[in-house]
Amino acid sequence: MILEGKKAIWNDYQKEIADDKYYYVRSCVRQNFFPGSETAFLKIMREELKKDVYEHPCHTTCTGIGYHGDIVPVETTMTVVARQFAIMTEAGYENLLPSCITSFGLYTEILDTWHHFPEVEEKVRRQLRKATGREFRKPKNLAHASDVIYKFRKEIASKAKYKLVNKNTGEPLKVVDHIGCHYAKMFPSKGIGGAEYPYVLAGMVEEWGGNVIDYPERRHCCGFGFRQYLVQANRGFSVACSKEKFESMKPFKPDMIITNCPGCPMFLDRWQYVINEMEGKRYGQNEEGIPVFTYEEVAGLVLGYDPWELGLQMHQTDCEPVLDKIGIDYSPEDKYNLKIIPSYSESRSLINV
Amino acid sequence: MEKFGFTISKGRQIDYESNNRRIAEYIFENEPSFRLCFECGGCSATCTTANFTGFSLRELNILIKRGENDQVRSTLKKCMLCGKCTLVCPRGVNTRNIVVLAKQAFQKSDEYEI
Amino acid sequence: MKFDPFIIPFNIGLYFILIYVVSRSVIWFRDLSRPDKLRLQRGFFGIAFGLSLKEIFMESLIHRKIFKTNIRLGYMHMSLAFGWFLLILFGTIEADIFSAKHLNAPYKAIFFRFFNPDHGRMGFEAAYGFLMDLILAFILSGLLVAVLKRFYSKIVGMKKTTRLKMSDRIALTSLWLIFPSRLLAESFTCGAYGTGSFLTGSLGAWFATFLPAQQMAYPFWWLYSISLGTFFVLLPITRYMHIPTELFLIFMRNSGIKTGDKTGTYSEVQTYSCSSCGICIDACQLNFSAGITNIQSAYLMKAIRNNDDVSEIADNCLMCGRCDQKCPVGIELSPIRMIQRRAGEAENDFRNIYKGYFRSRQPIISEKAIGSSNYSFLHETDPEKADILYFAGCMTHLTPTIKNSMIKILDASGVKYNFIDEQGGVCCGRPLMLAGQDKEARELINYNSQMIWKSGAHTLITSCPICYKVFKESYYLDVEVLHHTQFIKMLIDEGSVKLNFLRNKVVYHSPCDLGRGSGVYDEPKEVLNHVSRLQKSNFEDGNSLCCGGSLANMKISSQKKKKIALEAAIELTKDNPDILATACPLCKKTFSAVTETRVADISEIVAEALIEKPVKKNNISNVKSIRELANI
Amino acid sequence: MSKHVIVIGGGVAGLEVAGQLSKVGIEVSLIEKESKTGGHLNNWYKLFPDRRNSSEVKEYLNGITANNGINLMTDTTIEKFNRSRSCFSITTNGGKELIADAIVVATGFDLFKSARKEEYGYGIYDNVITSADLEEMFRKGEIVLTDGSVPESIGIIHCVGSRDEKVGNYYCSKLCCVTAVKQAIELREHLPESKVFCYYMDMRMGGAFYEELYREAQEKWGVNFIRGKVSEASETIEKKLMVKVEDTLAGRPLKMNLDMLVLMAGMEMSAGGEKVAGMSGLKTGENRFFAAADNHFGSNKSNIEGIFYAGTCTAPMNITETISHARAAFTEVMEWLRNGKR
């Protein structure tokens, strides 16, 4: 590996990320999959970084799942998206910050379509007006939530209580970064580091003391792919995709996986259990599985948040091996017995209408 | 083993390193013209068996070379060795001998001779 | 003097070989199939016995066939075989007449001079001595040729001489030593006693002038005896085993036994009857055109005798049959090769303690258990009823001119026929057979047989000699099988077709499977004579060349095939014919690629010569169209 | 009265046309941006299809350009271009102004910058090299991996930067196939223990003796050919390069690990040529090469009278074609000087 070569490419793929005043839109599925992640994100943004992050209760799905599942036609999708923009405009925000990779990809795609076909944009404006009487401005800045964490990775590092280092050996943890397909594969120029050698998560890991490992099937999809997973008969294909990735990363002996997509951590996590049940195959050191995290969880961990407050008990592949390696102080008996209710001051009034 | 209503799909990918290419090597050794095939498909076009079945000598050629032997083993015996393919081949590949050698090689590999 | 220790080696050898031959004969006889045993018994009391005696005399002793091929080689074989025979015969008579009693032990005859040194001074005795010297001189002259041949093979007109293994070398040395040592032993003895005739006497007398003849003789008698003994003991494991075995071969052949398709006594007897004379090597086109010099029949026979893996040798052969034609012993070389092909490889690598003396029997390949069908994808067809079927064959479909010419001729003749593989047929099975895959071939044969049987035809015409041979030999059909040249000949004889004389100069190349393979030599030539000026080539009938395109050889490279084709084409077109005519689509395709001369199948030439007459429309096609109409 | 012709570019085409012109007494100025002439020929070790040494061609070109008083200007680029009536004036980077009766553009080609195909990892992974890098290794006589060991398996990817709309090159560079075959043979010659794999979309072996070379590569050298475009390369834990490709003939995706990957970089309009086009108003085609006045009978003529093209500045060509094209340019220039010029 020639690091200089990668750095040269990373230099080519930089993007503008707004500093403050974000209009945050949640993901449809993440709150079910790993509910602690978005909460942690807001806490980090608001409490650690003191940023203005705004949410609106009237925000709906972007229809991305329906769109990629060939159920929702593109014009409908565009009108729904136009409505999200209108709500943002009404709230007085310009920097759109989706939590979901597919939403991010879809917004990017729609903005690009409108850029090339202004008449489509006009048509969508007319439709939105007709349907809701709303008007919108296009976002001034569009960034994925992981882009923002990437942007403030140094600030987070400066406040960090832990590093991604094995406290027993002093070695950096070996971290596999997995990027959601819709982050940069459709529009490489919109992703930090491009599509071939993405840097968004690698940058965080490096900054927080870990070591990113690069393995042959790095680019391979986790297998979520909406249509593949939604139909039970196709799930064999979905799990085969994850398996291909595990087989490929196996010789590198990764300590953990970090992801930035709603579906990927879900599938990389749950499929390890399924593969074990169906084929008796286990991955990770001592065959105890490779823990899979979202980037918010990792950020929360290095900042010293309680693992159970971060929702790590929701992982099917146990996270304790990594916690032990880092040396995080946690009480095993509290795992499924949450005594303290998350104490984030603003989180109780998450929806700030 | 647990059942979830589906099974983990087998990969279709040819894994070049872990495939068994001894059959191909045996043929290369005994019939060097095996290398000369450039997959034009003339053999399959004239083939009597190919007119009746999905048998394709061209395809067998490439599968053997890649070590994808299972499929070859089951279709190889359909060949009638009539030799029309040999007459048609633009590269002078000794096609009949390849079929015969492939059969031999399978037998030998069953007997752990190669 | 009745006995001397020096005869012991000879005696051991002699009794060994006698016992060996008897026991071997018993084993061979026991292994014969029941019908063959009966044949042999019938032959023994029938005319076969007389025929065999005559043939043994003509071939095993005089070597008439080798004489025909090559006079010098013939003389060499004759002088050694016939001379030795005479020496033994007259030696025994000599011992019988001149000894005190009759019925002597064999050594008395062989070493007569030693035990009767004073014999032969005058009269009848001297005349008889002269005869014996003459025979010895005769043998020695042949031996001289043999020695020269070994070191310089051109002396007998041979291009190649067979390569020897160690036991062969020892046996050969002992064979070479027998007669010179006898000459020297007798000469010294005669020199000491002043006896002997023109050869032994004069040589002995000359030796005696400067050598102590009496003392010198004894070691040479020893040498003579040891040479004989060694030769006899080694005989069964060397190529000289052909000397006794050939007698069996001749007798078995005359009794009507055939090689068959499995190993057995007869194929083994034939294998042992090969004297490695090398005539097959000279006849082989792979040798003289393609430079492949290790697969000829002599080497095959030797490899089988040595229990070597013969598959490489067996498979690398065009099966043109030229060696079968030329073999002076009349060994059925191609059938034996086919047996080896069927056997595959690595069958005879286990050896018993007798090693070469009692060869472990090559296991007879039993028919593979009927497994699943390889060709189950072939659907049964329902051919049109017809009296005459035309089966073009796979290869003919790649030479459409032949196919079209045949259709033209068939239409012109007005016969009612059905072109059964018009839309492409199923292979006849011979290519599989040639690859030794009989079971698979049988499946195709059954498929085609059913189709032919269902058509109700009485005649089957094919354009491909490969198909023709297998239809004739391996199909159990109740139809007359004709090659198209035979059929055309029939049409001409009947006057069913009228032909112009084309005035072309034509040379005929006889396809292997049609000519040597099936014995159809004359009809093609008669047809050609009828329509053109047929030239003679140096390679007619049994001696015709192979085009090199044969399906039988799967090991040969395309370049070498081409080389064989090129040299054959050059030979055949020496007299600048207008057309190189053949009767096989494969020969046509092979030759076309290498010669500027037009290559044409006989059917094409005949089709050109056809005098068009208002064609009676083929009935069959009418029927077809009506049927088709009915279906609509 | 002596005429003056400026030849821009001192590669094969430029040298040939300059040599031909100077032979008949025309005054020639040859402008070359590098410090020595020869162009890409300097980087190549042996030439297809007969694998003669490239220096032999260079010797020939040096031979025809020597002793005829050619005004050779190396390390020179063009900064200004003017046209007045039927004369051309060119100002070089040294500030020198040249007046000419005709100009021959022989700016040649640049090799595709392989790093643009990020997925192949040129400049990212060790042991991913280009065809030009490999020639350099051949010249040194040492084919080794970055860790100094000898590669055992080598992949050659055809069509890198050719026939690829992703990099904006629709055209076929036409010589990479035969270069790949030539280099595959040379690799097997240098490293008899190695295995060489060519990943191709089509084998375009149209030139004289190319097909024979292809056959030799199969027959004598046992080069393996896999029909499919490599989608991506990755590094395995053993520092091998894993390539993924669809084996289109088997109809299946295929992966394999290699020690070294050679990218057959295609040919592109040279940067120098683009600069000349920008200054002069010479037209370029969709493929960005100079557009000839007519594809069939005016391949040396440009849209400006008195300016002619020679060689690969108009399209990918091999050396034989380049020299022929340069000779044709010479004929066009002579015709122009005698009859065309007003």
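## Strand pairing around Leu30 of chain D

In this predicted model, Leu30(D) has Leu72(D) as its bridge partner in strand β5(D). The two strands concerned, β2(D) and β5(D), the latter covering residues 71-73, run parallel and are joined by 3 bridges. Leu30(D) is also the bridge partner, in β2(D), of Val7(D), a residue that reappears below in the description of the nonpolar core.

Strand β1(D), residues 4-8, pairs with β2(D) in the parallel sense as well, over 5 bridges. Between these two strands the chain passes through helix α1(D), residues 12-23, and the resulting β-α-β crossover is right-handed. Strand β2(D) itself spans residues 27-31, and because 4 of its 5 residues are buried, the strand is largely enclosed by the rest of the structure.

## Val7 of chain D and the nonpolar core

The largest nonpolar core contains 404 residues, and those that touch the most other members are Leu389(C), Val7(D), Val17(D), Val104(D), Val105(D) and Ile156(D). The element that gives the most to this core is helix α11 of chain C, residues 213-234, with a contribution of 11 residues.

What does Val7(D) touch, once residues up to four places away in sequence are not counted? Its contacts are Gly14(D), Val17(D), Ala18(D), Val28(D), Leu30(D), Ile31(D), Val104(D) and Ala106(D). Among these contacts, Val28(D), Leu30(D) and Ile31(D) fall within the residue range of β2(D), 27-31, while Gly14(D), Val17(D) and Ala18(D) fall within the range of helix α1(D), 12-23. Val7(D) therefore touches residues of the helix and of the second strand in the β-α-β crossover, whose second strand is the largely enclosed β2(D).

## Two domains in chain D

Chain D is divided into domain 1, made up of residues 4-108 together with 270-340, and domain 2, residues 114-266. The C-alpha centres of these two domains lie 32 Å apart. Their contact takes 10 residues from domain 1 of chain D and 18 residues from domain 2 of chain D, and the side contributed by domain 1 divides into 5 nonpolar, 3 polar and 2 charged residues.

## Thr236 of chain D

Thr236(D) lies in the loop between β15 (230-235) and β16 (241-247) of chain D. Is Thr236(D) buried or partly exposed? With 17 other C-beta atoms within 10 Å, Thr236(D) is partly exposed, since a residue counts as buried at 20 or more such atoms and as exposed at 12 or fewer.

Leaving aside neighbours within four places in sequence, Thr236(D) is in contact with Met242(D) and Asn257(D) and also with Pro216(A), a residue of another chain. Thr236(D) and Leu258(D) are 22 residues apart along the chain, and their C-alpha atoms are separated by 9.7 Å.

## Contacts between the chains

There are 4 pairs of chains in contact, and of these chains B and C share the most contacts. In that pair, 19 residues of chain C are in contact with 18 residues of chain B, and the chain C side divides into 13 nonpolar, 4 polar and 2 charged residues. Between chains A and D, 15 residues of chain A are in contact with 12 residues of chain D, and the chain A side has 8 nonpolar, 2 polar and 5 charged residues.

Two pairs of chains do not touch. For chain A and chain C the nearest C-alpha atoms are 33 Å apart, and for chain C and chain D they are 13 Å apart.

## Chains B and C as separate folds

Chain B has 7 helices and 1 strand, which follow the pattern β-α-α-α-α-α-α-α when read along the sequence. Its C-alpha trace spans about 55 × 35 × 25 Å along the principal axes, and of its 114 residues 51% count as buried. Of the contacts in chain B with a separation of 6 or more, 67% are accounted for by residues 24 or more positions apart.

The secondary structure of chain C comes to 30 helices and 8 strands, and its C-alpha atoms fill a box of roughly 110 × 55 × 45 Å along the principal axes. Of the 632 residues of chain C, 50% count as buried. Residues 24 or more positions apart account here for 73% of the contacts in chain C with a separation of 6 or more.

Technical notes: Residues are numbered from 1 along each chain as its sequence is written. Chains are lettered from A and ligands numbered from 1 in the order in which they are written. This is a predicted model: local features need pLDDT of at least 70, side-chain atom pairs count only at pLDDT 80 or more; totals for chains, interfaces and linings use all residues. Two strands pair if DSSP finds at least two bridges between them. A crossover is right-handed if, with the strands pointing away from the viewer, the path from the first strand over the helix to the second runs clockwise. Domain bounds come from an automatic or database domain assignment. Two residues are in contact if their C-beta atoms, placed from the backbone, lie within 7 Å. Ala, Val, Leu, Ile, Met, Phe, Trp, Tyr, Cys and Pro count as nonpolar, Asp, Glu, Lys and Arg as charged, and the others, Gly among them, as polar. A nonpolar core is a set of buried Ala, Val, Leu, Ile, Met, Phe, Trp, Tyr and Cys residues joined through C-beta atoms within 7 Å.
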